[in-house]
Amino acid sequence: MSNTEINLKSLIGDNTREEFLKLLKSRTPFISHGNTESLKDLMSLPFLYSVESLAACWRDTVDVFNPKIADEISKTSIPPEDALHEYNNGSCILFNDVNRIIPEFDIWNQQIRREIGFSELTYVRNLVYATPAGKGNAPHFDQNFNFVIQLEGTKKWWLAKNNTINNPMTRHVIGQPADHELESYTAKQFPESFPTDCTEYILEPGSILFVPRGVWHMTEAVTDAVSFNFTFTPPTWIDIATTALREKLSHSEKWRESAIIDDKGPHNSEFNKLLNALSADAEHWKSVDFLEITEHQ
Ligand SMILES: [Fe+2]
């Protein structure tokens, strides 16, 4: 396998990197069709030729979605031959973290990550979804950015702007309980049904759909359909700051002390001393002090 054929350019079509970053930052989806030639290093891989060929070489469990919920929040993990049986009986199945079994994918993943400018702390993975005709995903948004490549069949996607929360740190499925932390920083109520002002996209083999973080989406396969995802979960500035701060503070014996909440409860003089010293130090902090810790390339 070549390690240079799939890069950011392969995924963003006619957009320049700068144009793509504008779309990413403004949470604007885009689709391009007819990329079979530029994606041939991916699409011509023998094990991606069909669901059967992928199941035959898969050495791990496969996720099968509960048809009533049609989302990864309700799934079972079963051997590939059983999953194939479920797929043939009308269930959506997911081959998770395909890059674990094909390490060369990580060369592409990391190259694309660097080209976009996502941190080294980004969680990058590849997923293969097999969806029987008439089935699809329940309406939801994700905390990650997705490039969806249609390998086989036709699938409809509906995307809609998220007017409830920007930059969510966890995903949410309409009609399901919200994550506790997500709810804590979301002032509005989540909608109870998919927004009506949505856009429909029809993916055929060779189509690429960019689904930005937080955008509502739901799907339905027109025919049996197989898609391959490049999924990027970059750290937020919160993650960068807390990761680097932990590293900085770990050099202090005082900060490494086991926290003991004494009789004064939250009014702890030792901890106050540490915080006062930290806030005095914080005045001099620069981004480089943090990014030198998290980024090594
Ligand atoms: Fe999703």
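Colleague: How many positive and negative side chains does the protein have, and how far apart do the centres of the two sets lie?
Modeller: Keep in mind that this is a predicted model. The count gives 27 positive and 42 negative side chains. Take the centre of each set, and the two lie apart by 4 Å.

Colleague: What share of the accessible surface belongs to carbon and sulfur atoms?
Modeller: The accessible surface of the protein adds up to about 15,900 Å². The part of that area belonging to carbon and sulfur atoms is 52%.

Colleague: And what percentage of the residues count as buried?
Modeller: The cut-off here is under 20% relative accessible area. Across the 297 residues of the protein, the share that counts as buried is 48%.

Colleague: How many helices and strands are there, and what box do the C-alpha atoms fill?
Modeller: On the secondary structure side, the protein has ten helices and 13 strands. Along the principal axes, the C-alpha atoms fill a box of roughly 65 × 40 × 40 Å.

Colleague: What fraction of the contacts with a separation of 6 or more comes from residues 24 or more positions apart?
Modeller: Start from the contacts in the protein with a separation of 6 or more. Pairs 24 or more positions apart make up 82%.

Colleague: Which residues coordinate the iron ion?
Modeller: Their spacing along the chain reads H-x1-D-x74-H. The coordinating atoms are NE2, OD and NE2, at 2.1 to 2.2 Å from the iron ion. In that order, the residues are His140, Asp142 and His217.

Colleague: How many residues apart are His140 and His217, and which strands hold them?
Modeller: Both histidines of the iron site are buried. His140 sits in strand S6 (residues 140–141) and His217 in strand S12 (residues 216–221). The pair links distant parts of the chain, with a separation in residues of 77.

Colleague: Over to the rings: is the pair of Phe105 and Phe228 stacked or edge-to-face?
Modeller: The whole structure has 20 aromatic pairs. In the Phe105 and Phe228 pair, the centres are 5.3 Å apart and the planes make an angle of 85 degrees. Planes over 60 degrees apart get the label edge-to-face, so 85 degrees qualifies. The pair is edge-to-face.

Colleague: Why does that pair tie together separate parts of the sequence?
Modeller: Both Phe105 and Phe228 are buried. Phe105 belongs to helix H6 (residues 104–116), while Phe228 belongs to strand S13 (residues 225–233). The pair therefore ties together parts whose separation in sequence, in residues, is 123.

Colleague: What about Phe141 and Phe190: is the pair stacked or tilted?
Modeller: The ring centres are 5.9 Å apart, with 45 degrees between the planes. Stacked needs under 30 degrees and edge-to-face over 60, so 45 degrees falls in the remaining class. The pair is tilted.

Colleague: Where do Phe141 and Phe190 lie, and are they buried or exposed?
Modeller: Phe141 is in strand S6, and Phe190 is in the loop between helix H7 (180–184) and strand S10 (199–203). The pair thus ties together parts 49 residues apart in sequence. Relative accessibility is 0% for Phe141 and 15% for Phe190. With the cut-off at under 20%, Phe141 and Phe190 are buried.

Colleague: Which residues does Ala70 contact, beyond its neighbours within four places in sequence?
Modeller: Ala70 is in the loop between strand S2 (62–65) and strand S3 (75–78). Its relative accessible area of 15% makes it buried. With those neighbours set aside, the contacts of Ala70 are Phe65, Gly136, Asn137 and Ala138.

Colleague: Is Asn276 buried or exposed?
Modeller: Asn276 is part of helix H9 (residues 269–282). Its relative accessibility is 52% and the cut-off is over 50%, so Asn276 counts as exposed.

Colleague: Which residues other than glycine have a positive phi of about 55 degrees or near it?
Modeller: One is in the loop between helix H2 (17–25) and strand S1 (30–32), and is partly exposed at 31% relative accessibility. Another is in the loop between strand S8 (155–160) and strand S9 (172–173), and is partly exposed at 42%. They are Arg27 and Asn167.

Methods
Residues are numbered from 1 along each chain as its sequence is written. This is a predicted model: local features need pLDDT of at least 70, side-chain atom pairs count only at pLDDT 80 or more; totals for chains, interfaces and linings use all residues. Side-chain values use heavy atoms; hydrogens and water are left out. Helices (H or I, at least four residues) and strands (E, at least two) are DSSP runs, numbered from the N terminus. Buried means under 20% relative accessible area, exposed over 50%, partly exposed in between (1.4 Å probe, protein chains only). Contact means heavy atoms within 4.5 Å. Accessible areas come from the Shrake-Rupley method with a 1.4 Å probe; for residues, only the protein chains shown count as cover. Lys and Arg count as positive and Asp and Glu as negative; His and the chain ends are not counted. The place of a charge is taken as NZ of Lys, CZ of Arg, CG of Asp or CD of Glu. Donors are N, O and S atoms within 2.8 Å of the metal (3.2 Å for Na, K and Ca); water is not among the atoms, so sites may look incomplete. Rings of Phe, Tyr and Trp (its six-membered ring) pair if their centres lie within 6.5 Å; planes under 30 degrees apart count as stacked, over 60 as edge-to-face and the rest as tilted.
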